[in-house]
Amino acid sequence: MDHIHEFMPHGVCISWDVTLLILHVLSDIFIALAYFSIPIGIIYFVRKKDDITFKPVYYLFAGFITACGLTHLMGIVTLWFPLYYLEGVLKALTAIVSVATAVYLIPRLSDMVALPDLKELISLNKQLSDENSSRREAEAELQKSRSLLSESNKMLSTILDAIPVRVFWKDRQSAFIGGNRLFLQDAGMNSMEELSGKTDFDMPWKGGVADKFIEDDTSVMTSGEPLLKIEEFIVDAKGNEIWLNTNKVPLKNEQDEIIGVLGTYEDMTASKQAATELVQAKEEAEQANVAKSEFLANMSHELRTPLNGVIGTLNLLTETELNSRQSNLVTISRKSAETLLGLLNDILDLSRIESGKLELHERNVDLNDLLTEVARAMASRADEKGLDLLCPAHYMPSMIVRVDRLRLKQILNNLIGNAIKFTDNGSVTLDVVTLSVSANVKTIRFSVSDTGIGISDVEQKKLFQRFSQVDASPTRQRGGSGLGLSICSHLVEMMGGQIGVNSTAGLGSTFWFELKLESSRRERVSHSDTGLLAELHLLILSQTPWYQRYFEDVMTNWHINYQITETFADLTQLLHQSSLESQRVIVLMDIEDFVSPEGESFVQQNRTLCEFLLIADHGELSRSNKKVQQEQCLVLSKPMVQSELFNAMLGFVSGKTRSLLEQQVQSETQHEIIDARILLVEDNYINVVVAKGLIEMFGPTVDVAENGEIALALLRKRRYDLIFMDCQMPVMDGYQCSREIRADQSGQFDNQIPIIALTAHAMRGDKEKCLDAGMSDYLAKPVESESLYQAMCRWLSIETDFADNSNTALSFVDTKVTDMKNDSEVFDKSLFSHRLMGDESLMKQVVENFLADMPQQLADIEEAGREGEKDAIAKLAHKIKGASANMAAEEMSACAQQLEQAAKEGDQEKFHQLIEQLSQSFQRLITVLNNSF
């Protein structure tokens, strides 16, 4: 213990008591153990955490703690073994580790400070736990989705395999990814795996179509736009030739990126073959239709030729002396022939409609004038059955509409004719009602009503079908082809309208149709000037409700005082009213009532108190003429015509009732004798007899040529005033003959002579063909005597002024129309009056119509002039020439004739000048007409 002082301070512990010594020893042991446990935990932690941050710190720190623990152990050892040098080494080692730890740790303190605190670490740990939980759930959902996707893919595969459409899809390199069962069959494969990765060049249809298919794929993937309904052709694995209707659309992923193309196609081989067969069938049908049209054209000519002979011969027979039996047989034969002609016309119309060659020609039409024509055409048929026909059955103001006059008239004639056919007693009436007006377009309903047998609901359903009849039994009482209503239905539809029927069996029928028509306002002066009729008081005797309705409506609109009664007793009582003593009383009644015993008694007692206006069937007019003249009555023939009734009222005001009656009787039977030489070019003997006989009835001398060559020879020898030209003849037909005449510049022929086509050709375009050949006018066989007479008057009245001097006729074109300053040359009032039998009111009405219509015609011809349409100019000038000639407007007619000729010759400078002169001539005519009326 001598060196105890060298071991200080630990050596001092030897002098401690046992308790204190044990306490130091135990404490150092436990401290050392604690120190040793810390680095063991640190090393274990670091070894388990490969991604731990600042790993060297942990190792240094573990070494430092271990060294500290060793130091405490050395403190115990030194109590008995004073190894100070070893303790010093350990302490030095501890110092080195401590310094190294400080050197490494201090520069990294900022990074270590930036580490999350414990709370954040706990939060991050919780988030990580939640994410792990979500990931497990997502994996479960993913597994579930994969299961559903697998089921969906299986279902989709089943659906794709079941649909009758080929489906395939490709990647960006146009390599197949998949396809349905039908596509695999076409490709000659059994599974998707076999198809995958192949291109169209590996398919049975490779050939020249693979390039086209891949080009289409590229186009779809590049543009992003689908290709639809591509018609393609392939040969499948079995060698079948297939026509495809293919659709290709871009195939996209979830990011809307195009990753390929999806395609479908249908096998349209059967429909393609059907289409080819349909085209072939259509061509055959068109050929058959052409053959049918040619057949109908030829049959039209062949049928009309004998019909012309039959009807013409019967017309000639009616002009000869016949006993009653012969006259009856002739009448029956003529009606049968006319019925056959009507049937032929219906068949031709139906053929035009079926072939789409029926065209509408719209122009301005006065509905009043049109309805008057229809009423007159249907009058005799209504008379035969003792029916009252009212067309229209009410007051109708002047109404100008733009419509195809011929086709509207055809519809009305057909509907009214049917109504008369199926009505045995009572009346047939036509009502015209304006349903709506929009701008200048009117919706007009035409309704034809009858008191006939009516039609059941079942029969109404088949009315407008072709060849359909209400009674088709062999014992039916009323005939007909069953075409009329079908044609009417087609015509109404072509005009943009609709047609229908309202009927009850046994209670009559109403056939109606509606049209939307452009209209223009124009009131006739005579009908609007109601002050002229204010002095009249009209007493009407009528037992029929439809006539009562008609007179109520008309007289109310004309503001004429009137009263209606049904018996002579009431009529007598009304006539003797004191209020009528100072008024001019007109009694209107049916002629049958007038000639009855009761009527004769009434006339004898009251003839000084009133004047009489009678209405009669057309056939009764001539039979009662003597008695009517004795009583100085004015008679109007049925059906009632509004303008004629108005003129009759004016006749009473002006005191011209007798002259009106004389004109009425004379106008039906008398024609002016025509002094002219006419050439008839016709090869059919029967037609020659008929046409020659009809023409000679009116006075002209007729020469006959059997063909065009003979006609040209006769024209070189003799001068004619007019030519009636057949079209179809041997050697030289009428078209070639007309061209020869018009083209002549040698003076052999009068190349301005009127040429009127007299032909059985009546199909669409036949008239235009005649006019294009140089003919002046067109009459379709069979031709009525009145049509021939009007045609001769129309053309001879124009040409007669120039026929006396051929040089004047040729040089007149160069004469300036403006040199005509004399009013009589502008308008020949005496000639105009002669044509209208001196009827002032009728003359005013015609003048009013002419002045209303002509501005539009002049506007049309000016428009055609600006466009240089010489054919249109020629046709319009031809129309104006005829209209002004009928007006006795000689200057304007002559100017229009020159314009027509200039247009045909294509002389633009001249026809532009003449269009202006024609307008100036019309202005002079307006001035003269205003001074004359």
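This section describes a parallel sheet, the nonpolar cores and one helix of a predicted model.

The sheet is open and consists of 5 strands in the order β14-β13-β15-β16-β17, with parallel pairing. Strands β14 (561–565) and β17 (634–637) stand at the edges, and each has a single partner strand, so one side of each is left without a neighbour in the sheet. On average, and with direction ignored, neighbouring strands of this sheet are turned by 20° against each other.

Within this arrangement, strand β13 (residues 536–541) is joined by 5 bridges to strand β15 (residues 584–590), to which it runs parallel, and 5 bridges likewise join β13 to β14, again in parallel. Helix α17 (residues 568–575) packs on the sheet and touches β13, β14 and β15, its direction making about 165° with that of β13. Helix α16 (residues 545–558), for its part, lies across β13, β14, β15 and β16 (611–616) and runs at about 170° to β14. Together, β13, α16 and β14 make a right-handed β-α-β unit.

Strand β13 is mostly covered, with 6 of its 6 residues buried. In a regular strand the side chains alternate between the two faces of the sheet. In β13 both faces are covered, since Leu536, Leu538 and Ile540 on one side, and His537, Leu539 and Leu541 on the other, are all buried. Ile540 stands opposite Leu588 in β15.

Leu539, which lies in strand β13, illustrates this setting at the level of a single residue. Its relative accessible area is 0%, and Leu539 is therefore classed as buried, the cut-off being under 20%. Leu539 stands opposite Val587 in β15 and opposite Gln563 in β14. When its neighbours within four places in sequence are left aside, Leu539 is in contact with Gln563, Leu571, Leu574, Leu575, Leu580, Val585, Ile586, Val587 and Leu588. Leu539 and Leu613 are separated by 74 residues in sequence, and their C-alpha atoms are 10.0 Å apart in space.

Turning to the nonpolar cores, the largest has 42 residues, and those with the most contacts inside it are Leu367, Leu408, Ile416, Phe446 and Phe513. At least two residues of this core are supplied by each of α11 (367–384), β8 (400–403), α12 (405–421), β9 (427–438), β10 (441–450), α14 (484–494), β11 (498–503) and β12 (509–520). Ile416, with its neighbours within four places in sequence left aside, is in contact with Val374, Met378, Leu389, Cys391, Val428 and Val448. A second, separate core of 28 residues includes Phe850, Ala889, Ala896 and Phe911. In soluble globular proteins, nonpolar side chains tend to be buried together.

Helix α34 (residues 890–905) contains Glu900. The helix is mostly covered, as 13 of its 16 residues are buried. At 1.5 Å a residue, the 16 residues of α34 should span 22 Å, and the distance of 23 Å between its end C-alpha atoms agrees with that expectation. Just after α34, Gly906 takes a positive phi of about 75°. Glu900 has a relative accessible area of 7% and is therefore counted as buried, which requires a value under 20%. Apart from its neighbours within four places in sequence, Glu900 is in contact with Ala874, Ala877, His878 and Lys881.

Notes. Residues are numbered from 1 along each chain as its sequence is written. This is a predicted model: local features need pLDDT of at least 70, side-chain atom pairs count only at pLDDT 80 or more; totals for chains, interfaces and linings use all residues. Side-chain values use heavy atoms; hydrogens and water are left out. Two strands pair if DSSP finds at least two bridges between them. Helices (H or I, at least four residues) and strands (E, at least two) are DSSP runs, numbered from the N terminus. Axes are lines fitted to C-alpha atoms, for helices over the stretch in contact, and angles run from 0 to 180 degrees between N-to-C directions. Contact means heavy atoms within 4.5 Å. A nonpolar core is a set of buried Ala, Val, Leu, Ile, Met, Phe, Trp, Tyr and Cys residues joined through side-chain atoms within 4.5 Å. Buried means under 20% relative accessible area, exposed over 50%, partly exposed in between (1.4 Å probe, protein chains only). The expected span of a helix is 1.5 Å times one less than its number of residues. A crossover is right-handed if, with the strands pointing away from the viewer, the path from the first strand over the helix to the second runs clockwise.
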